[in-house]
Amino acid sequence: MKTKKRKIINSNKPLAICVNPENNVNSIKKDILEELFCSQAKFPEVATKHDFYMALAFAVRYRLLRRWIQTAHTYFEKESRTVVYLSAEYLLGPLLGSNLINLGIYDQARKAVDQLGLSMDELMEQEEEPGLGNGGLGRLAACFMDSLATLEIPTIGYGIRYEYGIFDQEIHDGWQVEVTDKWLHDGNPWEIPHPEIQYCVNFGGNTETYTDEKGNRCVRWIPRNKIMGTPYDTPILGYSVKTANMLRLWKADAIESLNLQAFNLGDYYRAVEEKVSSENISRILYPNDQTTVGRELRLQQEYFFVSCSLQDMIRIHLQREKTLDKFHEKYTCQLNDTHPAISIAELMRLLVDIHGMEWDKAWHITSNTFSYTNHTLLPEALEKWPLSIFQKLLPRHIEIIYEINSRFLEQARTRYPGDDGRISRLSLIEEGPEKQVRMANLACVGSMKINGVAELHSRLLKETILKDFNDLWPEKFNNKTNGVTPRRFMVLSNPSLSKLISSTIGDEWIINTTKLGKLAKLAFDRNFQNSWRKAKQDNKNRFGNFIKATTGITVDEKSLFDIQVKRIHEYKRQHLNILHVITMYNRIKQVPTKDYVPRTFIFGGKAAPGYYMAKLIIKLINSVAEVINNDKQVNDLIKVVFLPDFNVKNAQRIYPAADLSEQISTAGMEASGTGNMKFSMNGALTIGTLDGANVEIREEVGSDNFFLFGLETEEVAKRKSDGYRPSEICNNNPELREIMDQLSYGMFSKGDTDLFRPLIRELMNSDRYMLFADYASYLECQDRVSYSYRNIPLWTRMSILNVARMGKFSSDRAIREYCEDIWKVKPVRITMPGK
C-alpha cells in the first residue's frame, strides 16, 4: 500500500470544520455564483447550463462534506462497529436531487435557481447518471446505502469505479444498439479522489513455501502482474440526519503509466501497454464473458475490488488497534451476491500470509465477518469459475480454497457418512471434464448468515439450490425481503403525490412508511380521491410529453398506462405481454364497435449484449408497435411504446405515471424484484404472478387490490414433470394460434418469415418459461383490469390502498432487520459542532 504516514492525534475536542453555510435562498444563490467562478472559471453571461449545474452541485457538495467529515470523525472517535457492503454494482441514479432533498434544501435551491433566471429541471437534466450497475442488484445496493445513512448506521460501501457503466441504449430499426456510457466525460462533482491511498493487487505467477524465523511453514505469492487500486469516495447522505456515509469505489491504475525506455525507442504501443492492461480492470461494467479473455477480466474485476477493500479495512482497523484479533468485531461484511465471494479467500490470505496469523484463528475471524445475500434461483446464474482460470490468475487463492474445502468436507463426511452425492454437491469444487470453483458454495461455507430477498425466494433457496447447506446449517438461513427508498422513489420522483400525502397525514411517513397506513381511511373519501386522481393525471401528462419528445409517439394521457420496465429476459416474460397486445389488436380489428378501454402499452429495459433472444424480444415489441401505431383504425384505442435507455433517471418519470404494473415473471423464477414495489408505492396496481415479492405485496395490499393470474411455483414444476406440450396449448387456443401464425407469416416483420422464427420455435417446442400455460389466465386477468379501470372510484380506491399498505417495502425496514438479525449494529448519532 502507498500511503503517507501521519501522526494520529487523539482528542476529545470537537472537530473544527469550515464555516457552516446558511441554507436560505440568498446564501445558496451566492454560493452558486461563487462556485461558477471558482470551480468552472466562468462568468454568468458565457456559462452553459452544464456550468451552472456543476456550480450548483459544488454548492451542495460543500454543505454535504461538512457532514461527511464530521461523520467520519465521530466513527473514528467512537471506534464504531461498521457495516461493510461489498457490491460489484451501485446504480445510484442522479445525486443532485436526492442530496437536496436529504439536506432539506430542495425548495430553497429551486427558488435560488429561479432567481438566477434558470430552470432547476433543466439543470438536473445536465447530470450524467453513473450507470454502475445492471439492474436490481445495483439499485438495491443504492437503496440500502440511502437507508443505512438515514438510520445512522456506520457504513462503508465498496465497489468499482467503472470508467464506462452499463451501455446507453438506442433503438435502430427496432433493434437494440449499445452505445458507450461516457458518464465521466464532463466530470463528476460528487466524488473525491484519494491518490494518497493506494493498494497493490497481484495477479498470476506462482507460490512458494518457506520457513519463517520462528520455524513456521509459510507461503509466499510471487505474482506475475501487479496493479494499483485508487479510491474515489462519494458521500451518501441520510435524510433529515447529519450522517453521511462513505461509498468508496476503486479505480485500477498501472504501477508505471509509461515505459520510458520503450517510448524512447519509438515503440509507443509497448510504452503504454501496462497502463492500458491495468486500467482495463475498471474500464467497463461487466465485460462480455462469452470468451476466455472476457471471463478472466471479470474475475480480475471481482478480485481487484475486494482485495483493495479488505486492505483498506485492515488499514483503518490498525489506526486504533495493534492487532487484527478483533477485526470481526469491528466489521460485519455483507456479500451482495457471489461477485465478492472471493473476499473470503482473500481475507484468509491477508491474515495468514501477510499478517502471520494461525489458520484456525484466521478462519474464526473470517467466518464471523461475512454474511451472504443470494439473489437468484437460477442454477446457471450461480457463479462458477473454471479451475484453469483461477489457477492462472489467483494461484494462492486456489490453494486456500482447496484447504477450506478439505477441512469443510471432513466435517461434512462426519455428519453424512457414506453420502457421496451430498458431499459432491457441498464441495467448493465441481468435478467434471473441466473442474470449476463454486462461488456460492464458498460464500455459504465462509459466511455466518445466508439470506434470500423475499419470503418465497428464501423458502425455495432452502428447498432447491442451497438445500444441502440448509440441511447442514439451518441456523444460518433467514429471509430479508428487499425494499426501496421512499426518498428517491416517492419524494423526489413524485412530488405531486408526496405533497398531497404530507399535507394530509404529515411527513413522518418519509422516514417511517408504516405511517402511510393512515391513508386507508381516506380511500373512500370523494374529495381525496379527486386530489389523488389529479396528482396521477399530472404525472401522466408530464410523462406523455416526455414520450413524445423521446420517441415521437403521441399518446393519449387519459388512456390506461400499462407499463413493464425492467431488464429484458425470457423469464420476465415481456413477450407474454406483447402476446396480449397483439390479442387486443386482433380483437379490435375483428370487432371494432365494441367498447374497449383505451390503453397505452409502455415497455422499457436493456438486453445483455450477448443475449440474442432478449434482443429479439425488443425487436418484436418495436415491430408490433410499428404496425399498431400506424393503423388508424386502432389508434384511438391502443398505442405501443418502447422507451429506450431505461435507467434510474427515466424510472423516476415512469413509476409516478403508471396505472398498471406488469410483474408477470414465471412463478419461482424471480428472487424478489423491486420495481414491483416502486410502482405500487406510486399508486399503480399490479398484475402479476405469485413470484418473488409479489406474494408479499399481495398479502399486504389485499387480494382485492392485486390482479393475480398464472400458475404457482409448484404447479409450474408439476406441469414440466408431467410432460409439458406447449404446441398442444397453442393449437387448442384459437387466439394464440392466430398470433403464432401472424408471426410466422411475417405480419409484424414486413413479410420476413425468418425474423422471429427462433422465438416461435422456442415457444412451440419448449416454452421453458410457460407463456402458453399462463396465456389464457393472463388474458382473463387483463379483462378484469379493464373492467376495474372503467369504475373510476373503484380504481382510485384500489390505488390509494396500494400506497397505504406498502409500508413494509421500505429499504429502511429491510436495513433494520439486517441490523438486528445479522449485523448486530447500533445507530451512531452524528452531531455537528456547535449544535
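Which residue in β20 is the bridge partner of Thr-600? Select Thr-600 and look across to β20: the partner is Lys-639. The model on screen is predicted.

**The sheet**

Keep that pair in view and widen the selection to β19 and β20, which pair in the parallel sense over five bridges. Both belong to an open sheet of six strands, and following the order β20-β19-β18-β21-β22-β23 takes you across it. The pairing in this sheet is parallel.

Now select the edges, β20 (638-642) and β23 (707-708). Each has a single partner strand, so one side of each is left without a neighbour in the sheet.

Add helix α33, residues 792-804, which packs on the sheet. Its contacts are with β18, β21, β22 (685-688) and β23. Compare the direction of α33 with that of β22: the two make about 90 degrees.

**Strand β18**

Go next to β18, residues 560-565. Is this strand mostly covered or mostly uncovered? β18 is mostly covered, with six of its six residues buried. Show the side chains: Leu-560, Asp-562 and Gln-564 point one way, while Phe-561, Ile-563 and Val-565 point the other way. The buried residues on β18 thus include Asp-562 and Gln-564 as well as Leu-560.

Select β19 (residues 599-604) beside β18; the two pair in the parallel sense over six bridges. Centre on Ile-563, which has Ile-602 of β19 opposite. To see how the chain gets from one strand to the other, trace from β18 through helix α23 (residues 574-590) to β19. This β-α-β crossover is right-handed.

Then turn to β21, residues 660-663, which runs parallel to β18 and is joined to β18 by two bridges. Ile-563 serves as the marker here too, since it stands opposite Ser-661 in β21.

**Helices α12 and α15**

Leave the sheet strands and select α12 (residues 343-354) together with α15 (residues 395-415). At what angle do these helices pack? The angle is about 95 degrees, with the axes 9 Å apart, which makes α12 roughly perpendicular to α15.

Show the side chains where the helices meet. From α12, the contact uses Ala-345, Glu-346, Met-348, Arg-349 and Asp-353. From α15, it uses Arg-396, His-397, Ile-400 and Ile-401. Colour these residues by class: the contact has four nonpolar, one polar and four charged residues.

Methods. Residues are numbered from 1 along each chain as its sequence is written. This is a predicted model: local features need pLDDT of at least 70, side-chain atom pairs count only at pLDDT 80 or more; totals for chains, interfaces and linings use all residues. Side-chain values use heavy atoms; hydrogens and water are left out. Axes are lines fitted to C-alpha atoms, for helices over the stretch in contact, and angles run from 0 to 180 degrees between N-to-C directions. Helices (H or I, at least four residues) and strands (E, at least two) are DSSP runs, numbered from the N terminus. Angles under 35 degrees count as roughly parallel, over 145 as roughly antiparallel, 65 to 115 as roughly perpendicular and the rest as oblique. Contact means heavy atoms within 4.5 Å. Ala, Val, Leu, Ile, Met, Phe, Trp, Tyr, Cys and Pro count as nonpolar, Asp, Glu, Lys and Arg as charged, and the others, Gly among them, as polar. Buried means under 20% relative accessible area, exposed over 50%, partly exposed in between (1.4 Å probe, protein chains only). Two strands pair if DSSP finds at least two bridges between them. A crossover is right-handed if, with the strands pointing away from the viewer, the path from the first strand over the helix to the second runs clockwise.
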